[in-house]
Amino acid sequence: MIRCRKCSGYINPFTTFTSDGMKWQCILCKNVNAIAREYYRAIDAATGQRADIGSRPELLYASADFLATPEFLRRAPHRPVLLLLLDCSHPAVASGLLRAMCQGALAALEKLKDNDALHMCVVGYDSTVYFFNVSPNNSAPSIVASPDTVEDIANINDNFLLETVELPLATNEMIVSVKESYEMLKQLLEMIPNDFQHTKEVGCAYGGAITACISILSGFGGKIISSICGMPSAGEGKLKKRFDVEKLSNKPKEYTMLGAGNDWYKQRALACSNCSVSIDIINGAPDDIDLATIAPLARLTSGSIVQATAQTMSGMADQMEHMLLRCCAFDCILRIRTSTGLSVPNFLATATCANPTCSRSLSPPPTPPTRWSCSFRRSSRALLRTSSLHWCTRTCHGSAAFACIQCKSLVSENAHTVINSIDSLGMTTFLAKMCVDYATNMPFVDAQKTVTEKVITALRYSLQLAKQQGVNEGAGELLLPDSMRFMLQLLNGFYRIPATGLATSKPIKPDDRIASMATVMTSAPEPMVPYYVGWSYQLFSPHVSVAELPMPIFSTQTHFQSEGIYFVNLGFALILWYGSAANKMILHALGVLSEEEASGADEGQLLVSPEELAALRERVETLVWQHKCINTPVFTSALEPCKQGNRTYEPSMLRIMTEDEVHGIPSYGGFLLKIWQGVYGRWPKK
């Protein structure tokens with residue numbers, strides 16, 4: 001690695017070479033460095049580039065990975081460990097979550113069986129904790145029930161280290177190589193759903209189980225994927241109901257339900273961060289479990305929170321497989337370097353941070369949701385350049401890697417240039433996260449109002465700049481820069497989701513709000529679009545030519561007719577909605593109804609050829625596949641048939657129809673009128 005002698009910055013695509021390639025100038029500190037003899041290549045006179053630039057990824061790409069050499073490592077990297085913590089209680093069995101998680105783990109195991117770097121461990125619990133011996137020396141997996149583990153008290157010391165928990169099995173009997181113990185792990189995952197299918201146990205010892213799992217991984221680090229289907233009720237970490245959700249729903253004090261009841265789980269989360277352990281939480285409980293108190297386990301360890309509900313259960317097996325297979329970074333160190341004149345006084349991410357310039361995070365998501373708070377000195381000029389780096393052990397190749405990432409941004413004193421450079425989706429994401437921050441300390445209505453006022457202030461300033469350039473709005477027009485064209489629609493959609501949205505016909509559970517907030521804060525911007533505004537398509541209508549279908553439509557109830565068939569992407573689910581009068585033969589052609597179910601249809605009403613139907617189905621399948629790919633970074637949505645009147649999905653469909661007002665939640669048109677009044681100080685003239 002070629003580094004600057006003055007500031008230790010890395011050579012990158014923005015580097016300038018001088019003296020025919022003998023020297024290079026650092027973009028961070030402007031220091032001119034001599035090129036080492038073994039790295040020297042002459043500059044091609046025709047292109048002005050190094051002759052070997054095609055073979056130098058660090059000079060071609062803003063992000064480049066290298067195998068980490070010893071000087072970058074504090075210690076030899078550990079083998080990554082994936083630990084499955086499975087809720088085996090009756091609620092988990094009855095909901096189908098236990099079986100779905102085992103099915104997803106089996107599917108992932110089949111693809112990981114030749115990975116000699118990956119290790120795995122499985123732990124179960126209900127009112128007691130179950131440890132599984134999957135040593136390759138055994139003929140079959142064995143189970144050890146340990147009720148004493150539930151009551152063990154393991155305190156956290158001042159250095160955030162967890163006291164040792166006495167375990168009934170040796171660590172090497174529980175943590176095994178996936179490649180060496182593939183058959184044992186496969187037998188275990190096939191056995192667990194069957195062994196617990198008749199359980200009547202409803203207790204939940206999640207606190208004791210998670211403590212045992214942290215103790216198991218304390219010497220290795222790794223990832224815990226945990227499921228929970230009831231409020232912790234046994235042993236350490238047990239909780240109790242704290243609020244009457246019905247009474248506080250849509251009241252000014254509703255936000256108080258999002259505060260943690262105690263710091264017990266937060267202390268365990270800090271211990272996890274200290275020993276390189278990350279935790280994902282899959283919540284399958286039908287009732288509130290005080291997720292606000294449990295959530296720090298995920299929030300402070302770069303983990304994620306997934307809600308396993310009746311709407312999402314069909315996609316849980318695929319989601320579990322995705323969580324096991326996605327490329328993860330373990331035991332990471334992130335350092336930020338900036339160009340002269342720029343400081344980073346604040347760093348907000350999904351993990352704990354030691355100081356503003358260096359954060360230790362574990363197993364970040366594929367697109368880490370990081371926000372920077374920057375300040376500039378008056379000496380700053382046209383360009384801002386940042387450089388960040390980290391090393392990690394990845395499950396995809398199992399070796400220590402060093403990633404060097406460069407970012408080059410424009411800094412301008414011209415406000416018009418800044419406004420025109422705004423990205424609607426990026427700005428919406430920033431405002432959504434800001435609103436979530438506010439909503440933890442003030443009523444949801446006030447949080448939305450505060451963010452909306454910031455948008456109005458920006459639009460007022462943009463309007464002033466436009467008028468200075470001779471651009472005036474027409475009658476009844478709201479003048480928006482092209483760069484902010486979709487921002488208001490996305491923001492209005494965000495105000496409707498459970499994170500900070502108001503309740504409609506039913507109260508929004510605090511757990512749903514916490515999970516929604518976690519999704520907003522930890523997800524990449526692109527897959528969040530369907531969560532905010534939804535995407536609707538018409539798949540069939542007797543009034544539209546089949547050759548024109550599927551076609552996008554506005555998300556409004558008026559476009560959903562009883563004889564039509566529609567596709568809706570809700571983010572957490574893909575819906576194939578059909579009206580009560582929809583043609584059964586079309587539904588059969590699209591795979592919604594079986595041949596027997598469609599046998600009573602009047603074929604005389606169908607004026608579509610078999611070839612046209614086959615082509616339509618192919619186009620629909622392509623559309624569904626594209627939307628699955630969009631959603632996968634957040635949730636592996638499954639396609640769900642939904643007949644008119646369905647009470648599981650239709651309430652969520654109505655909530656994302658931004659063109660309609662839903663139980664007092666303003667439509668997009670109403671939101672624009674509010675923005676108009678804020679910008680112009682009056683209502684638009686009719």
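This briefing walks through one helix packing and a few aromatic contacts. The model is predicted, so please keep in mind that local features need pLDDT of at least 70 and side-chain atom pairs count only at pLDDT 80 or more, while totals for chains, interfaces and linings use all residues. Residues are numbered from 1 along each chain as its sequence is written, and side-chain values use heavy atoms, without hydrogens and water.

**Helix 3 and helix 12**

- The axes of helix 3 (residues 97-112) and helix 12 (residues 316-325) come within 7 Å and cross at roughly 40°.
- That angle makes helix 3 oblique to helix 12 (neither under 35 degrees, over 145, nor 65 to 115).
- Among the residues of helix 3 that meet helix 12 (contact means heavy atoms within 4.5 Å) are Leu-97, Met-101 and Lys-111, and the helix 12 side includes Met-316, Glu-321 and Leu-325.
- The contact residues divide into 12 nonpolar, 2 polar and 2 charged.

**Aromatic pairs**

- The structure holds 13 aromatic pairs (ring centres within 6.5 Å; planes under 30 degrees apart are stacked, over 60 edge-to-face, the rest tilted).
- Phe-494 and Tyr-532 are edge-to-face, with centres 5.7 Å apart and planes at 80°.
- This pair links helix 16 (residues 487-494) and helix 18 (residues 529-533), 38 residues apart.
- Phe-494 is buried at 0% relative accessibility (buried means under 20%, exposed over 50%, partly exposed in between, with a 1.4 Å probe and protein chains only), and Tyr-532 is buried at 2%.
- Phe-560 and Trp-577 also pair edge-to-face, at 5.6 Å and 80°, and both are buried.
- Tyr-125, Tyr-206, Trp-264 and Tyr-265 form one aromatic cluster.

Definitions and conventions: Axes are lines fitted to C-alpha atoms, for helices over the stretch in contact, and angles run from 0 to 180 degrees between N-to-C directions. Helices (H or I, at least four residues) and strands (E, at least two) are DSSP runs, numbered from the N terminus. Ala, Val, Leu, Ile, Met, Phe, Trp, Tyr, Cys and Pro count as nonpolar, Asp, Glu, Lys and Arg as charged, and the others, Gly among them, as polar. Rings of Phe, Tyr and Trp (its six-membered ring) pair if their centres lie within 6.5 Å; planes under 30 degrees apart count as stacked, over 60 as edge-to-face and the rest as tilted.
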